[in-house]
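User: Please take a close look at one salt bridge in this model and at the parts of the chain around it. I would like a connected account rather than a list.

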Amino acid sequence: MTTQAHINERDRIPFLQKLMFSLGINMDYVATGLITGVLWMPFFNIGLGMSPTVLGIILMVLRFWDAMTNPVIGNLSDNARTRWGRRRPFMFVGAITTAAIYPLFWYIPAGLGDTGRIVYLTVIGLVFFTSFTVWSMPYYSLQMELTPDYDERTRLTAWMTFFGKGSFLVGSWILAFVILLGGVALNQPAVFEGHDGFAGSLLRWLQPLLAVFGSNAADEKPVVVGMRICSWFIALGILVFGLLPAIFVKERPLPAVIGKKDREPFWQSVRDSARSMPLWSLISISFFLVLGSTAVGSLGQYLNIYYVFHGDLGAAAYVAGWKGSVLVTAGIISIPFFTWLGEKWDKRTVVLVMLGVSMAGHFLNLFMMTPEHPYWQLIPGVTESCGIAAIWLFLPSMKADVADADELKTGRRREGSINSFFSWFLKLAFTASMGIGGVLLELSGFDAKINDQPPEVLHRMMWLYIALPTVIWGIAMVSCWYFPLGRKKCAEIRAELEARRGQR
């Protein structure tokens, strides 16, 4: 990544631990990012015909539950004292149970009516997101405590961003892959057209093996059958990525003066977090960043399908795959540059600039998401995604800086409580955006039964897609302006903490 010459040896994270911890970031996207950002609407709306508004409400319920459980698990892991550490036992159990539950989403029992499907998805979702929280809260809390160094924290996040790009690359192609496998399982002739040589031979060889998933589903769409196949591979990814940090990463020992303190009661933990002004500033930045990005996620996906490709889901998924590949490549190339920027200027300054870059890139979709030139959308996509990726490179590092300021005030290391309080509002943003996404589709006049949507519907979809994030990200910029912890202030806080603990 970058040179570590000016970082004290005691503050560096060993290479193997940094690698294993960074690979663990893929667990988050594979477990929840694919469901909410890529697969949910195509599978349940386009594939099964469920209402987008109902699906949005279900996601709101699940995300709200996820948010409610975060502070509980965060506080439990803060107070845990085991021979394996505070965080790792939770992560180990959470990885296994999350992987086991995942396939149940895609195997809705036959014969359920609309109400039965809603109840089934809600119940499975509540159990799934509870299990995921058992893993995620300790994982992100552990990230905050692996090093006390201002720049090493950013470099850890850079490593996480680098290795996390792998799951985003797979995610960009996953819908196209799902549809392909579903078509093979259903033995649709059109799927084999254009696949000659090794690819065609492989598909024909796989067809009898995959046919078991489509043998009783002649009236189902490829996206439904294909997702049932892929769910098992995704569950395996959840298990592997979730277990790596739990097994290979060692927790940094608590300072003796903190480790001997009595357990902090849950509501005291919540009150302490609510009194942290730097935390509120960081929450506001993240809340509006997420809300602006995810509220229009379904609109962007559907514009590509119905505006650019006139209802051709397969063609839209193919271009989305190439778009994701380009964005991942651009993101990987830009990581060293953004890390360098964070070492040259305060993190707050870089985040402000990158918010502006993201807004400009998103606005370009108005001119470059077009049926005549479907690949032009790569240009705004690269600009917007690089800006957002840079922001998420710095926000977790800034959260660790907030934990130091909190220790100075409370005398405790409360990474779990701080992370869960922060995450509560992040999940609230996801909750709101899931509901907003479904409502926006309804307001635009979208009808999943029509391949060629009316021009006025597509026009409304486009302007909602462009305007909403631009306004919301503007609020995030204002919040970022008031974040108080720069490099100089963080150095002063660390010096005072180490003097208090008796460290030199």
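Analyst: The side chains of Asp401 and Arg153 meet in a salt bridge, with 2.9 Å from N to O; the term covers a side-chain nitrogen of Lys or Arg within 4 Å of a carboxyl oxygen of Asp or Glu. Asp401 belongs to helix α17 and Arg153 to helix α6 (residues 150-185), so this pair links parts of the chain that lie 248 residues apart. Helices here are DSSP runs of H or I with at least four residues, strands are runs of E with at least two, and both are numbered from the N terminus. Both Asp401 and Arg153 are buried, where buried means under 20% relative accessible area, exposed over 50%, and partly exposed in between, with a 1.4 Å probe and protein chains only.

The model is predicted: local features need pLDDT of at least 70, side-chain atom pairs count only at pLDDT 80 or more, and totals for chains, interfaces and linings use all residues. Residues are numbered from 1 along each chain as its sequence is written, and side-chain values use heavy atoms, with hydrogens and water left out.

Helix α17, which holds Asp401, runs over residues 378-410. Its 33 residues should span 48 Å at 1.5 Å a residue, and the end C-alpha atoms are 47 Å apart, which agrees; the expected span is 1.5 Å times one less than the number of residues. Of these 33 residues, 25 are buried, so α17 is mostly covered. Gly411, just after α17, takes a positive phi of about 80 degrees.

The pair is part of a wider set, as a search of the whole structure finds 17 salt bridges. Another joins the side chains of Glu145 and Arg86, at 2.9 Å from N to O. Glu145 lies in helix α5 (residues 114-145) and Arg86 in the loop between α3 (52-79) and α4 (88-101), so this pair ties together parts 59 residues apart in sequence. Glu145 and Arg86 are both buried.

A third salt bridge is formed by the side chains of Glu498 and Arg10, at 3.6 Å from N to O. Because Glu498 is in helix α20 (residues 487-501) and Arg10 in the segment before α1 (15-23), the pair ties together parts 488 residues apart in sequence. Glu498 counts as buried at 11% relative accessibility, whereas Arg10 is partly exposed, with a relative accessible area of 38%.

Away from the charged pairs, the largest nonpolar core has 89 residues, of which Leu39, Trp40, Phe44, Tyr102, Trp106 and Leu121 touch the most other members. Such a core is a set of buried Ala, Val, Leu, Ile, Met, Phe, Trp, Tyr and Cys residues joined through side-chain atoms within 4.5 Å. Helix α2 (residues 25-47) supplies the largest share of this core, 14 residues. Apart from it lies another core, of 49 residues, and Met398 is among them, as are Leu282, Ile472 and Trp473.

As for the whole protein, there are 20 helices and zero strands, and 58% of the 504 residues count as buried. Among contacts (heavy atoms within 4.5 Å) between residues at least 6 apart in sequence, 84% join residues at least 24 apart.
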